[in-house]
Amino acid sequence: MKFLTFIATLVLIWLIGLFAFADRVRGYAPAAEPARADAIVALTGPSAERVNAAIRLLEQDKGQRVLISGVNREVRRQELRALTPGSNRLFNCCVDLGFEAEDTVGNAQEIAAWADAKGYDSLIVVTSDYHMPRALTEIRAAAPGIELTPYAVETPSLDNSRWWKAAVTARRMTLEYMKYLAALARATVGGGRGAAAEAPAEQAA
């Protein structure tokens with residue numbers, strides 16, 4: 001009986017955490033106007049909107065440069081440029097492409113190395129709303145001294161407060177929550193300074 005009670009308690013805690021995570025995800029979008037940072041980073045994803053949002057921020061002078069992290073090695077710079085808005089001059093002078101990252105951990109390492117090489121202390125992070133908690137956790141673990149401002153791209157299907165009633169949105173939110181918990185565990189085992197600093201920095205954003 002005690003074992004069943006223990007399992008039931010764990011399941012309840014997990015469910016509470018899932019719904020808290022979902023509320024947090026939904027709170028990221030629409031993104032608020034960010035303060036200017038040293039630079040902007042975009043983590044590539046299923047659509048071009050993350051990159052487009054980062055380029056728009058660059059046009060608004062929200063940072064000196066943009067790093068697009070996780071670009072497919074077979075994509076040429078000209079092809080990526082054709083998919084993004086803004087001027088050729090701005091893209092050619094102030095956008096760097098990262099080809100090394102294959103997942104979010106790789107994105108974090110690539111971003112940390114780029115920021116260190118450029119001497120940047122603050123970054124605007126552009127990714128999808130559901131991906132933002134995990135992205136921030138991984139980047140802070142890789143580069144704990146850098147100030148991060150989230151700028152989330154909205155996922156319309158997750159805007160519904162009853163996301164859990166649709167199989168597609170429930171699956172996406174649950175899978176991302178599990179990946180986020182794994183990222184937190186890695187950050188904690190690895191020292192966790194980035195994870196520990198997460199809440200205050202997001203509130204400031």
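1. Partly exposed means a relative accessible area between the buried range, under 20%, and the exposed range, over 50%. Aspartate 61 has 45% relative accessibility, so this residue counts as partly exposed. Its place is the loop between α2 (49–59) and β2 (66–69). The backbone deserves a look here. Phi of aspartate 61 is near 60 degrees, which is a positive value in a residue other than glycine. Please keep in mind that this is a predicted model.

2. Next comes lysine 62. This residue makes a salt bridge with glutamate 33, and the closest N and O atoms are 2.9 Å apart. The two partners come from distant parts of the chain, 29 residues apart: lysine 62 from the loop between α2 and β2, glutamate 33 from the loop between α1 and β1. How do the two ends compare, buried or exposed? Lysine 62 counts as buried because its relative accessibility is 13%, under the 20% cut-off. Glutamate 33 is exposed, at 56%, because exposed means over 50%.

3. The loop between α1 (2–27) and β1 (39–43) also holds proline 30. Check the peptide bond that leads into this residue. From alanine 29 to proline 30 the bond is cis, with omega near 0 degrees.

4. Arginine 65 is another charged residue to inspect. It forms a salt bridge with aspartate 96, with 2.7 Å between the closest N and O atoms. Arginine 65 sits in the loop between α2 and β2, and aspartate 96 in strand β3 (residues 95–98), so the bridge ties together parts 31 residues apart in sequence. Both residues are buried.

5. A further bridge joins arginine 134 to glutamate 176, again with a closest N to O distance of 2.7 Å. Arginine 134 belongs to helix α6 and glutamate 176 to helix α7 (residues 167–189), so this pair ties together parts 42 residues apart in sequence. Arginine 134 and glutamate 176 are buried. In total, the model has 8 salt bridges.

6. Helix α6 is mostly covered. Of its 11 residues, 9 are buried. Among them are Met132, Pro133, Leu136 and Ile139. Charged residues are on the buried list too, including Arg134, Glu138 and Arg140.

7. Which loop holds aspartate 129? This residue is found between β4 (122–128) and α6 (132–142). Aspartate 129 is buried but has no salt bridge. The nearest side chain of opposite charge is that of arginine 172, 6.6 Å away. A salt bridge needs the nitrogen and the carboxyl oxygen within 4 Å.

8. What does the side chain of aspartate 129 make a polar contact with? The partner is the side chain of threonine 155, at 2.7 Å. Beyond neighbours within four places in sequence, aspartate 129 is in contact with Val25, Tyr28 and Ala29. The contacts also include Ala152, Val153, Glu154, Thr155 and Leu158. Ala29 also precedes the cis bond of point 3.

9. Arginine 172 has a ring partner. It lies over the face of tyrosine 130, at 4.6 Å from the ring centre. This is the arginine named in point 7 as the nearest opposite charge to aspartate 129.

10. Last, the aromatic residues. The model has 6 aromatic pairs. Which residues do ring pairs link into a cluster? Trp14, Phe21, Tyr177 and Tyr180 are linked in this way.

Note on methods. Residues are numbered from 1 along each chain as its sequence is written. This is a predicted model: local features need pLDDT of at least 70, side-chain atom pairs count only at pLDDT 80 or more; totals for chains, interfaces and linings use all residues. Side-chain values use heavy atoms; hydrogens and water are left out. Rings of Phe, Tyr and Trp (its six-membered ring) pair if their centres lie within 6.5 Å; planes under 30 degrees apart count as stacked, over 60 as edge-to-face and the rest as tilted. A charge sits over a ring if NZ of Lys or CZ of Arg is within 6 Å of the ring centre and within 35 degrees of the ring normal. Helices (H or I, at least four residues) and strands (E, at least two) are DSSP runs, numbered from the N terminus. Buried means under 20% relative accessible area, exposed over 50%, partly exposed in between (1.4 Å probe, protein chains only). Lys and Arg count as positive and Asp and Glu as negative; His and the chain ends are not counted. A polar contact is a pair of N or O atoms within 3.5 Å; within protein, one must be able to donate a hydrogen and the other to accept it, and residues adjacent in sequence count only if both atoms are side-chain atoms. Contact means heavy atoms within 4.5 Å.
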